[in-house]
Amino acid sequence: MLAGIVTAVAILAAGFPALAQQDETEKEIERYRAMISDPFSNPGFLFVDRGEALWKEARGEKKVSLETCDLGEGAGKLEGAFAKLPRYFADADKVMDLEQRLLWCMEKIQALDTKDIVKRKFGRPGVTSDMQDLVAFIANKSIGMKITPEVSHPKEQEMVVLGEALFFRRGGQWDFSCATCHEATGQRIRLQALPVLSKPGPAAQATMATWPTYRVSQSQVRTMQHRLWDCYWQMRWPDAQYGADAITALTAYLVKNAAGGEIQVPSIKR
Amino acid sequence: MRHMIKAVGSLALGGLLLGQPALAQSPKVDPATVEAAVKGVFGHAPAEWQQRIVQDETQKACSLYRNQPPADVATAITERETKNVVLPADGKLLGDWKSGEKIAQSGYGGRHTDDPKLPLGGNCYACHQLSKSELSFGTMGPSLLEYGKIRKYGADDAKAAYIKIYNAQAVFPCSNMPRLGHNKHLNEQQIKDLVALLFDQESPVNK
């Protein structure tokens, strides 16, 4: 964990996309950057610690922990698992992202009723999210490793292609697609810089290698499921369902463009 | 900046008119598979909300050609969207720029957590610079500083701006700018107020 914090600090020192504006949230980030120089105060690591406890806790009708859950690298193996997700799982005959896989393991291994877990998918003041905690813990086990997308299985290839089509699908009252905001270089919406995510390269790498992230403006570690839910919200599309295959497909496409990016999570963002 | 963007825009159109092949094509995926995935993630939403993401012809074409439609498709889009424009019946184009500035600042409305009873914004500053005093502006669209002044407050230009705001794709096929009037996000009075923001001599846009 200490190694994780040290690298996280290195990332912060290397600098966020610098927007020299007196934006309130930017000031907040400055405050947090200063705070982070004390390695034990990255708030994201509280989530990591809670996630570790949840991973080991016996729960569900079967009263067992998640420790035998196979995240792709073998039962219970956490190191490097996140770096290869989403990927195909033969037991479920499906390509899954980390969040779908965790729900699957909760149901199959623990016989845990996931209704409450899904209800708390996004944490808020006074309500912690098991999913955010578990994702922070598991993703952190791939810190320093390179994003290595799995695209050998035909279903994995299909997911990437589907994700790409979804990325360019325009719709809604504002005629938006993901490409509207994430295709051209150097653009911003108000003061927020928009990363190019539609082609392989440093922008996609830096983006995908830093999720999950501790979002200062929300005081929560947010996952990719939340980020894409949030972008669909801004797009004026309906409430995106948690754990839907379309989100996994988009993630598979984004991760493909981010291959080689060095994972540094949980990071800190606005 | 504005001129540069314009030049780029007409260059792109020029290329299209010459019938260059589209630069990008959608990947080989059955549209039914894409729509099934859309259903999977939004299928639980109320019917009215699902209706909002059913694509019209223009959205379909711009998705397929990734906003770079071949010449015939581009022409079909501008022709169709031009027919969709409804100009004010009273022939007046300029409303109140002060109200226009508020509409340009606000991005409220249309999100599933927004209260549909509250006034909707046009979110112009998200993508455009419009006044010297507002520093928090986006760059997805060209700067509109001194928009009316540069055009000598011409009536034809004001009409063109009304059309642009009502339906951006009547002018520029597959523009990233939303069709705010056509999609019933902004009403006639709001668009008039925005045209005043661009064309009133007292507006901060022209100061």
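What covers the buried residues of α2(B)? Hold that thought while I set the scene.

This is a predicted model, where local features need pLDDT of at least 70, side-chain atom pairs count only at pLDDT 80 or more, and totals for chains, interfaces and linings use all residues. Residues are numbered from 1 along each chain as its sequence is written, chains are lettered from A in the order in which they are written, and side-chain values use heavy atoms, without hydrogens and water.

Helix α2 of chain B, residues 31-42, has twelve residues; helices here are DSSP runs of H or I, at least four residues, numbered from the N terminus. Val34(B), Ala37(B), Val38(B), Val41(B) and Phe42(B) are buried in α2(B), meaning under 20% relative accessible area with a 1.4 Å probe, protein chains only. Down the axis of α2(B), those buried residues fall within an arc of 115°, so they line one face; the arc is taken from the directions from the helix axis to the C-beta atoms. And the cover? It includes α7, α10 and α11 of chain A, together with α3 of chain B.

Now, my favourite residue: Arg236(A), in the loop between α10 and α11 of chain A. Arg236(A) is buried yet has no salt bridge, that is, no side-chain nitrogen of Lys or Arg within 4 Å of a carboxyl oxygen of Asp or Glu. The nearest side chain of opposite charge, Asp114(B), is 5.3 Å away. A polar atom of the Arg236(A) side chain does lie 2.7 Å from the backbone oxygen of Gln234(A). Beyond its sequence neighbours within four places, Arg236(A) is in contact with residues including Trp174(A), Trp49(B) and Asn123(B), contact being heavy atoms within 4.5 Å.

Technical notes. Helices (H or I, at least four residues) and strands (E, at least two) are DSSP runs, numbered from the N terminus. The expected span of a helix is 1.5 Å times one less than its number of residues. Buried means under 20% relative accessible area, exposed over 50%, partly exposed in between (1.4 Å probe, protein chains only). Lys and Arg count as positive and Asp and Glu as negative; His and the chain ends are not counted. A polar contact is a pair of N or O atoms within 3.5 Å; within protein, one must be able to donate a hydrogen and the other to accept it, and residues adjacent in sequence count only if both atoms are side-chain atoms.
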